[in-house]
Amino acid sequence: MNSNFKIYVAPIAGVTDYSYRRILNEFAPDLVFTEMVSSNAVMMANEKTVGQLLRLNPGDGVQIFGKDIEYMKDSAKFAEGAGAKKIDVNLGCPMPKIVKNGYGSALLADPEHVKKMMYEIRESLSDDTTLSMKIRIGYKQHKNPLEMAEIAQELGLSHITIHGRTREQMYSGVANWEVIKRVKEEVSIPVIGNGDLFTAEDALERANMAGVDGVMLARGIFGNPWLIRQIREIMETGEVKTQVTVDDRIDMAIKHIGYVMEDVFDREFYFEIRKHLCWYIKGLKYSSQMKNLINRSQNYEELIEILENLREINKKCEV
Ligand SMILES: Cc1cc2nc3c(=O)[nH]c(=O)nc-3n(C[C@H](O)[C@H](O)[C@H](O)COP(=O)(O)O)c2cc1C
């Protein structure tokens, strides 16, 4: 396996926030992206976007979305000013509220606009800031991923990430890595494959098949930051060494609560943490009962108590 093989963590709205990125970075991926940031919100100086979404750990990449070239350019520069050295443009989001405004995957239908927009953004950034794009394989069919990759190559972007689904598929069906492979064979720019990587074995198999330069993880890292390390292990040694224990999961859940408390203590973030906790404990004995308690809990202390109880029950079951 190529020793330069990259492991990236995707931009994931509602998940790769500042606190979870702190945890993910501890597993040393090559790059972690922020949740997608609206260029309109940045330009309107929306406080939430500016303050929370662009709160960066060193090295974090920022993903922006939008269509207006001036807004996109200015947002990229704004992110650069906030410390981002790696900027990505979202050309893949399938959500109706995004697509109906012509953003995200809707832009796949307009390669001319994409080329102009990416060119202008590239021009506005300093040379040591990298620019990349993240696409789906098409809108309704596998239409023009190669055309997009050629634009990325022509403009000297750092890489292109390809999610092997069409917009219409949303998240259903399986990601088509054959299409990713065909694009990779045609361009010299680094191609990062994305879609359905839930285990280290998935990553090894898909990466070998498609010959990509790296993988981007998304739903696979929900409650499972260890996946980053496991993929590194399997790529380097052919086997996974890291096994995740009950203690690992509970400790990580508690650590995550700690990071959120250090970060920002408000109701919204309190709601955000609960889904992460439910993901960490997935598969443990009595996790469904505990999920109900987590979702009804009123404060952080209660959450920690629930997690400690779950640890104890599962430890007892182990012996
Ligand atoms: C809840 C959720 C939020 C997402 N947010 C973003 C986003 O902000 N930007 C983006 O480019 N992709 C986003 N995606 C898509 C993922 O980055 C990824 O392309 C997709 O989930 C496929 O990878 P997977 O099958 O490994 O999950 C999101 C996906 C999910 C499930």
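A residue is called buried here when its relative accessible area is under 20%. By that criterion, the buried residues of helix α1 are Tyr18, Ser19, Tyr20, Arg21, Ile23 and Leu24. Because six of the eight residues of α1 (residues 18-25) are buried, this helix is largely enclosed by the rest of the structure. The model discussed throughout is a predicted one, and the values that follow are best read with that in mind.

One of the buried residues of α1, Arg21, leads on to aspartate 60. This aspartate sits in the loop between α3 (47-53) and β4 (62-65). Is aspartate 60 buried or exposed? With a relative accessibility of 2%, against a cut-off of 20%, aspartate 60 counts as buried. Its side chain has polar partners: a polar contact of 2.6 Å joins the side chain of aspartate 60 to that of arginine 21, and another, of 3.0 Å, joins it to the side chain of asparagine 25. Leaving out residues up to four places away in sequence, aspartate 60 touches Arg21, Asn25, Val32 and Ala84.

Attention turns next to the ligand. How many residues surround the ligand? There are 17, and the closest of them are Gln63, Lys134, Asn194, Asp196 and Arg219. For glutamine 63, an N or O atom of the side chain is 2.8 Å from a nitrogen atom of the ligand. Backbone atoms take part as well: a backbone N or O atom of proline 11 lies 3.2 Å from a ligand oxygen atom, and a backbone N or O atom of methionine 36 likewise lies 3.2 Å from an oxygen atom of the ligand. On its own, the ligand has 610 Å² of accessible area, and the protein covers 88% of it.

Aspartate 196, listed among the residues closest to the ligand, deserves a second look for its backbone. It is found in the loop between β8 (191-194) and α9, and it has a positive phi of about 65 degrees although it is not a glycine. Aspartate 196 is also buried, its relative accessible area being 12%. Tyrosine 286 offers a second case of a residue other than glycine with a positive phi, near 65 degrees. This tyrosine belongs to the loop between α12 (267-281) and α13 (287-296). At 44% relative accessibility, tyrosine 286 counts as partly exposed.

The loop that holds aspartate 196 runs on to α9. In this helix (residues 200-210), the buried residues are Ala200, Asp202, Ala203, Arg206, Ala207 and Ala210. Why do they lie on the same side of α9? They cover an arc of only 155 degrees around the axis, which puts them on one and the same side of the helix. The spacing agrees with a general rule: an α-helix has 3.6 residues a turn, so residues three or four places apart point the same way. As for their surroundings, the buried residues of α9 pack against α8 (177-186), β9 (214-217) and α10 (226-237). Just after α9 comes glycine 211, which takes a positive phi of about 65 degrees.

Glutamate 201 is also in helix α9. With a relative accessible area of 46%, glutamate 201 is partly exposed. Apart from neighbours within four places in sequence, glutamate 201 is in contact with Ile234 and Val240. Glutamate 262 lies 61 residues away from glutamate 201 along the chain, and the C-alpha atoms of the two are separated by 35 Å.

Helix α11 (residues 246-263) contains arginine 249. This arginine is partly exposed, with a relative accessible area of 22%. What does arginine 249 touch, not counting residues up to four places away in sequence? Its contacts are Trp226, Val244, Tyr280, Ile281, Lys282 and Leu284. Between arginine 249 and asparagine 224, 25 residues apart in sequence, the C-alpha to C-alpha distance is 8.5 Å.

Finally, the cysteines were considered. A search of the whole structure finds zero disulfides. Cysteine 93, at 9% relative accessibility, counts as buried, and cysteine 278 is buried too, with a relative accessible area of 12%.

Terms used
Residues are numbered from 1 along each chain as its sequence is written. This is a predicted model: local features need pLDDT of at least 70, side-chain atom pairs count only at pLDDT 80 or more; totals for chains, interfaces and linings use all residues. Side-chain values use heavy atoms; hydrogens and water are left out. Buried means under 20% relative accessible area, exposed over 50%, partly exposed in between (1.4 Å probe, protein chains only). Helices (H or I, at least four residues) and strands (E, at least two) are DSSP runs, numbered from the N terminus. The arc is that of the directions from the helix axis to the C-beta atoms. Contact means heavy atoms within 4.5 Å. A residue is near a molecule or strand if one of its heavy atoms lies within 4 Å of it. A polar contact is a pair of N or O atoms within 3.5 Å; within protein, one must be able to donate a hydrogen and the other to accept it, and residues adjacent in sequence count only if both atoms are side-chain atoms. Accessible areas come from the Shrake-Rupley method with a 1.4 Å probe; for residues, only the protein chains shown count as cover. A disulfide is a pair of cysteine sulfur atoms within 2.5 Å.
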